[in-house]
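Here's a quick tour of one structure, written for someone who would rather look at residues than read methods. Keep the viewer open as you go.

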Amino acid sequence: MKLQDLKMVQTTVPNGVQALVKFGPHYELSIVKNDSSYGGSMGLYEIAVFLDNQMTELPGITETGDTVKGFLTEDDVNDILSSMTQLTKREPQQTN
């Protein structure tokens with residue numbers, strides 16, 4: 001799955017777009033571009049990883065001690081989607 005395959009859903013608070021992608025029953029990736037996201041005002045994306053509905057750090061995806069990663073290009077997000085698929089061994093499914 002690539003970012004271009006996802007339907008970005010409009011958000012109003014904050015103003016922007018979001019896609020939620022599940023990887024099996026436990027992991028979910030939130031992809032946002034909005035007024036308050038890291039890089040959103042520059043047209044870049046921010047991601048957050050959730051484990052059982054709790055934000056979590058995930059080695060290889062986020063930095064140690066951090067649960068979000070911002071200032072991401074479309075290619076960066078595509079790499080993260082691929083890495084999440086490999087790490088979880090689950091095919092991604094959009095949930096929103």
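## Who touches Ser 30

Set aside the residues within four places in sequence, and Ser 30 is in contact with Gln 18, Ala 19, Leu 20, Glu 46, Ile 47, Ala 48 and Phe 50. Bear in mind that this is a predicted model. Ser 30 sits in strand β3, which covers residues 27-34. One of those contacts is polar: the side chains of Ser 30 and Gln 18 come together at 2.9 Å.

Is Ser 30 buried or exposed? With a relative accessible area of 7%, Ser 30 counts as buried, because the cut-off for buried is under 20%.

## The strand around it

Ser 30 has plenty of company in being tucked away: six of the eight residues of β3 are buried, so the strand is largely enclosed by the rest of the structure. On one pairing, β2 and β3 run antiparallel and share eight bridges. Within that pairing, Ser 30 is the bridge partner of Leu 20. The two strands make a hairpin with three residues between them, and Gly 24 in that turn has a positive phi of about 75°.

β3 also pairs with β4, again antiparallel, through six bridges. If you want a spot to check in the viewer, find Tyr 27, which stands opposite Leu 51 in β4.

## The nonpolar core

Now for the greasy part. As background, nonpolar side chains tend to be buried together in soluble globular proteins. Here the largest nonpolar core has 17 residues, and the members that touch the most others are Leu 29, Ile 31, Ile 47, Leu 81 and Met 84. Four elements give two or more residues to this core: β2 (15-23), β3, β4 (45-51) and α1 (74-88). Which element gives the most? That is α1, with four residues.

Ile 31 is worth clicking on. Leaving out neighbours within four places in sequence, Ile 31 is in contact with a long list of residues, including Leu 3, Leu 6, Met 8, Val 17, Ala 19, Tyr 45, Ile 47, Val 77 and Leu 81.

## The helix and its two sides

Start with the length of α1. Its 15 residues should span 21 Å at 1.5 Å a residue, and the end C-alpha atoms are indeed 21 Å apart, so the two values agree.

Which residues of α1 are buried? They are Val 77, Asn 78, Ile 80, Leu 81, Met 84 and Thr 88. These buried residues cover an arc of only 160° around the axis, which means they lie on the same side of α1. The buried residues pack against β2, β3, β4 and β6 (68-72). On the other side of α1, Asp 75, Asp 79 and Gln 86 are exposed.

## Backbone oddities

A bit of context first: most residues other than glycine have a negative phi, and most peptide bonds are trans. A few places in this model go the other way, and they are easy to look up.

The peptide bond joining Val 13 and Pro 14 is cis, with omega at about -5°. Pro 14 belongs to the loop between β1 (9-12) and β2. With a relative accessible area of 31%, Pro 14 is partly exposed. Beyond its neighbours within four places in sequence, Pro 14 is in contact with Asn 34 and Ser 36. For a sense of scale, the C-alpha atoms of Pro 14 and Glu 91 are separated by 29 Å, and these two residues are 77 residues apart along the chain.

Then there are the positive phi values. Phe 71 has one of about 60° although it is not a glycine. Phe 71 is in strand β6 and is partly exposed, at a relative accessible area of 46%. Lys 89, which follows α1, also has a positive phi, near 60°. Where does Lys 89 sit? Its place is in the loop between α1 and β7 (92-94). Lys 89 is exposed, with a relative accessible area of 71%.

Technical notes
Residues numbered from 1 in each chain as written. Predicted model: local features only at pLDDT ≥ 70, side-chain atom pairs only at ≥ 80, totals over all residues. Heavy atoms only, no water. Buried < 20%, exposed > 50% of the residue type's maximum accessible area, 1.4 Å probe, protein only. Polar contact = N/O pair within 3.5 Å; in protein donor to acceptor, adjacent residues only side chain to side chain. Contact = heavy atoms within 4.5 Å. Core = buried A, V, L, I, M, F, W, Y, C linked by side-chain atoms within 4.5 Å. Expected span 1.5 Å × (residues − 1). Arc of directions from axis to C-beta. Pairing = 2+ DSSP bridges.
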